[in-house]
Amino acid sequence: MKIGFIGLGNMGAPMAANLVQAGHEVTGFDLTAPAPEGVAMADSAAAAAQGREVVITMLPNGQILRAVAAEILPAMASGAVLLDCSTVDVDSARAVAAAAEAAGLMAVDAPVSGGVGGASAGTLTFMAGGSDAAFATVRPLFDIMGQKAVHCGPSGNGQAAKICNNMILGVTMIATCEAFALADKLGLARDKMFDVVSTSSGYSWSMNAYCPAPGIGPASPADNGYKPGFAADLMLKDLRLSQQAAEAADADTPMGARAAELYATFVEAEDGAGRDFSAMLPRFEKRGRG
Ligand code: NAD
């Protein structure tokens, strides 16, 4: 396939490299990032999109996605698919898909889970929104870049799945960290706490697979000085997207709202910026209620 790839940062570069490795012809564009091996760079987003069967975007946010879409949609060949894998707000995903359809194109929003490690290994999970025909066209690309793709419904539903998942993740990570800090104060050893909770009703991915306590459970960023992994800044971005969506849809999400507040304080007023999102544990360790 002839593929355009716009946004070749931490995630986009290894995803594009995997497509090249699988034999696809990839033309890229990025404002600053260098060309991944085997990717021919164009000198504008429109040039990278022109004549391509699929154009993939992996960009920082919805505002940038809307701007890039306005530039590339007129350049795209009729019937081509715009596949946005960025994490953006549901409204931007739906607006871009509507603009693509109005221009005679197809669109799929397919944010990912799995981080930079998953992007490099080709083991991402894609959660996709769009028509059956659009999903079927890009499915072989999901199989190269990832290990699982779920078609979640029409445009925007991929983003909806992503922010609902990450709202649960943010809340369970905070709950796991505050419970460890409470256990410390009660004199309960962390390894005993892990042993009990990881096989009891308090278990979660945050506890079992990504334990925030160093030296306990499988290897995680806690064992590496809380170097990300999944940065607290990105968790904050996703929690803000879920609160924005909840407001727009009139949904009551009090735990998501509190998690967004805690991560905002952690990233903006404490030492959380650039640290893994599980570094909430040392934050709670240091604090009493006062
Ligand atoms: P990044 O900042 O490393 O990459 C974004 C790239 O987009 C940069 O190279 C930047 O130069 C480029 N860019 C910005 N504006 C552009 C424009 N107008 N035209 C062309 N290129 C432009 O970010 P990332 O970590 O690769 O994340 C990309 C997306 O994936 C984000 O939406 C993020 O939320 C999502 N995501 C990231 C992770 C992760 O662990 N990093 C995990 C899941 C989802």
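In which order do the strands of the open sheet of 6 strands stand, and in which sense do they pair?

## The sheet of six strands

The order is S3-S2-S1-S4-S5-S6, and the pairing is parallel, where two strands count as paired if DSSP finds at least two bridges between them, and where helices (H or I, at least four residues) and strands (E, at least two) are DSSP runs numbered from the N terminus. The model is predicted, and local features need pLDDT of at least 70, side-chain atom pairs count only at pLDDT 80 or more, and totals for chains, interfaces and linings use all residues. Residues are numbered from 1 along each chain as its sequence is written.

Strand S3 (40-41) and strand S6 (106-109) stand at the edges of this sheet, and because each has a single partner strand, one side of each is left without a neighbour in the sheet. S2 and S3 run parallel and are joined by 2 bridges, with methionine 41 in S3 serving as the bridge partner of glycine 28. Helix H4 (residues 90-102) packs on the sheet, touching strand S5 (81-84) and S6, and its direction makes about 165° with that of S6; such angles run from 0 to 180 degrees between N-to-C directions, with axes fitted as lines to C-alpha atoms, for helices over the stretch in contact.

## Helix H1

Helix H1 (residues 12-21) is largely enclosed by the rest of the structure, because 8 of its 10 residues are buried, meaning that 20 or more other C-beta atoms lie within 10 Å of the residue's own, as placed from the backbone (12 or fewer would make it exposed, and values in between partly exposed). Among the buried residues of H1 are Gly12, Pro14, Met15 and Leu19. The buried residues of this helix pack against strand S1 (2-6), strand S2 (25-29), H5 and H6, contact being counted when C-beta atoms, placed from the backbone, lie within 7 Å. Just after H1, glycine 23 takes a positive phi of about 100°.

## The sheet of three strands

A further open sheet, of 3 strands, has the order S7-S8-S9 with mixed pairing. Strand S7 (112-113) and strand S9 (146-151) stand at its edges, each with a single partner strand, so one side of each is left without a neighbour in the sheet. Strand S8 (residues 124-128) pairs with S9 in the parallel sense over 5 bridges, and valine 150 in S9 is the bridge partner of methionine 127. Helix H6 (residues 132-145) lies across S8 and S9, running at about 150° to S9.

## Lysine 162 and the ligand shell

UniProt, in an unreviewed entry, places the feature "active site" at Lys162; its positions are given in the numbering used here, feature names are shortened, and annotations may be inferred rather than shown by experiment. Lysine 162 lies in helix H7 (residues 157-185) and is buried, with 27 other C-beta atoms within 10 Å. Not counting residues up to four places away in sequence, lysine 162 touches Thr87, Pro111 and Met127.

Thr87 also appears around the ligand, where Gly9, Asn10, Met11, Ser86 and Thr87 come nearest of the 26 residues, nearness requiring a C-beta atom, placed from the backbone, within 6 Å. The elements that give two or more residues to this shell are helix H3 (62-72), helix H5 (115-121) and helix H10 (232-249).

## Annotated domains

For "domain: 6-phosphogluconate dehydrogenase NADP-binding", the unreviewed UniProt entry lists residues 2-153, over which the chain is 39% helix and 24% strand. The entry places "domain: 3-hydroxyisobutyrate dehydrogenase-like NAD-binding" at residues 156-281, and over those residues the chain is 60% helix and 0% strand.

How values were computed:
Contact = placed C-beta atoms within 7 Å.
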